[in-house]
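Trainee: I've got a fresh model open on my screen and I'd like to talk it through with you. Could we go element by element?

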Amino acid sequence: MPPFMRNTFVLLVLLCCLTAFVHSAKPKPTLYLIGDSTVNNSHLPQMGWGSKLGGFFDTTRITIANHAMAGRSTRTFVSEGRWRRVDSLLRPGDFLIMQFGHNEGSEPDTTKAGRRGVLRGTGEETKDLTWPDGRQETVHTYGWYLRSFIRGAKAKGATPIVASMIPRNQWKDGKVKRANQDFGKWAAEVAQQEGVQFIDLNSITADKYDKMGPEEVAKLFAGDHTHTNEAGARINAESVVAGIKQIKRLPLRSYLVER
């Protein structure tokens with residue numbers, strides 16, 4: 001082999017090795033989940049859908065990090081520093097799915113009942129509170145908190161995805177009640193306003209519940225009308241995946257495994 005060809009071959013081998021090293025050194029992305037007990041719940045037999053989501057992804061290529069916490073609203077997820085923690089972990093190429101709405105409904109105040117409540121809607125209205133220890137807190141709307149999560153994720157180069165809350169086991173006229181007039185509606189509005197993807201988890205699962213009927217749906221819940229058991233968690237995880245698949249240009253789709 002002539003010297004120039006030998007040198008060219010050596011350079012090509014070195015280039016291939018360097019390319020392989022750079023590819024292997026690139027950290028795999030993380031899918032972060034934030035929300036309440038319907039996403040993450042350790043009180044068995046109750047289980048949130050986040051516990052079942054990993055089974056639908058190739059976890060050799062993407063990590064699932066479930067930071068949702070039982071009993072939290074968008075407001076307390078911020079005030080307790082939980083969002084600050086997730087925000088500090090986000091990196092370019094990561095994904096963030098947020099699903100809140102179950103704990104936001106009370107009038108916001110400093111009582112045990114109202115400490116999780118937010119202002120209704122998506123506007124810029126605020127309510128100033130003074131806690132018994134003198135601490136000041138400004139409470140915002142549900143939409144304001146979602147926007148803060150979305151904008152924080154974008155600033156880190158991550159892809160935020162808004163999901164509407166899963167339906168409760170509550171029925172009216174033979175149909176499961178939906179959140180399309182309040183928290184589900186507001187979640188969709190914020191996603192559209194911020195130009196991010198939206199998974200209508202409430203509707204996707206509600207359609208399934210309507211077909212199943214009240215008796216069968218009751219088997220998916222553990223002790224109350226809000227918290228699913230393992231079977232219910234799996235159905236909702238499947239709904240999340242169905243929502244992801246509906247978004248054609250969402251890179252997160254490429255990490256799903258075929259079933």
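**Sheet, helices, bridges and cores**

Mentor: Sure, and keep in mind that this is a predicted model. Start with the open sheet, where five strands pair in parallel in the order β2-β1-β3-β6-β9.

Trainee: Which are the edge strands?

Mentor: Look for strands that pair on one side only. In the order β2-β1-β3-β6-β9, that leaves the two ends. So the edge strands, going by one-sided pairing, are β2 (63–66) and β9 (197–199).

Trainee: What does the twist average from one strand to the next?

Mentor: Take it strand by strand across the five-stranded open sheet. From one strand to the next, the twist averages 20°.

Trainee: Which residue of β3 stands opposite I34?

Mentor: Strand β1 covers residues 30–35 and β3 covers 95–99; they run parallel and are joined by five bridges. Within that pairing, the residue opposite I34 is M98.

Trainee: Which helix packs on the sheet, touching β1 and β3?

Mentor: Its direction makes about 170° with that of β1. The helix spans residues 82–89, and it's α4.

Trainee: Now the antiparallel pair, β4 and β5. Which residue in their hairpin takes a positive phi?

Mentor: Four bridges join β4 (residues 127–130) to β5 (residues 136–139), and K127 has V139 as its bridge partner. Five residues sit between the strands. The one with a positive phi, near 95°, is G134.

Trainee: On to α5: what length does it reach from its first C-alpha to its last?

Mentor: Helix α5 has 14 residues, 142–155. At 1.5 Å a residue you'd expect 20 Å, and the model comes close to that. The helix is followed by G157, whose phi is positive, near 80°. As for the reach of α5, that's 20 Å.

Trainee: Which residues of α5 are buried?

Mentor: Remember that an α-helix has 3.6 residues a turn, so residues three or four places apart point the same way. With buried meaning under 20% relative accessible area, the buried residues of α5 are Y142, G143, Y145, L146, R147, F149, I150, G152 and A153.

Trainee: Which element supplies the largest share of the largest nonpolar core?

Mentor: In soluble globular proteins, nonpolar side chains tend to be buried together. Here the largest nonpolar core has 29 residues, and I34, M98 and L146 touch the most other members. At least two residues each come from β1, α4, β3, α5 and α6. The largest share is six residues, and it comes from α5.

Trainee: Leaving out residues up to four places away in sequence, what does L146 touch?

Mentor: L146 is one of the buried residues of α5, and M98, which it touches, sits opposite I34. The full set of contacts is T74, M98, F100, V162, A187 and V190.

Trainee: How many residues are in the second, separate core?

Mentor: Its members include L33, A68, I199 and L252. The count for that core is 26 residues.

Trainee: Let's do charges. How many salt bridges does the structure hold?

Mentor: Side chains of opposite charge can pair when their charged atoms come close. One case is a network linking R72, E80 and R82. The total for the structure is 13.

Trainee: K52 forms a salt bridge with E230. How many residues apart are they?

Mentor: The closest N and O atoms are 2.6 Å apart. K52 is partly exposed at 21%, and E230 is partly exposed too, at 43%. K52 lies in helix α2 (residues 50–53) and E230 in helix α9 (residues 230–246), so this pair links distant parts of the chain, and the separation is 178 residues.

Trainee: E194 and R151 also meet in a salt bridge. Is E194 buried or exposed?

Mentor: The N to O distance is 2.8 Å. E194 lies in α6 (residues 183–194) and R151 in α5, so the pair ties together parts 43 residues apart in sequence. R151 is partly exposed, at 48%. E194 has a relative accessible area of 14%, so it counts as buried.

Trainee: Last one: what covers the buried residues of α9?

Mentor: Helix α9 has 17 residues and reaches 24 Å. Its buried residues include I235, V240, V241 and I244. The cover includes α2, β3, β9 and α7.

Technical notes: Residues are numbered from 1 along each chain as its sequence is written. This is a predicted model: local features need pLDDT of at least 70, side-chain atom pairs count only at pLDDT 80 or more; totals for chains, interfaces and linings use all residues. Side-chain values use heavy atoms; hydrogens and water are left out. Axes are lines fitted to C-alpha atoms, for helices over the stretch in contact, and angles run from 0 to 180 degrees between N-to-C directions. Contact means heavy atoms within 4.5 Å. The expected span of a helix is 1.5 Å times one less than its number of residues. Buried means under 20% relative accessible area, exposed over 50%, partly exposed in between (1.4 Å probe, protein chains only). A salt bridge is a side-chain nitrogen of Lys or Arg within 4 Å of a carboxyl oxygen of Asp or Glu. A nonpolar core is a set of buried Ala, Val, Leu, Ile, Met, Phe, Trp, Tyr and Cys residues joined through side-chain atoms within 4.5 Å.
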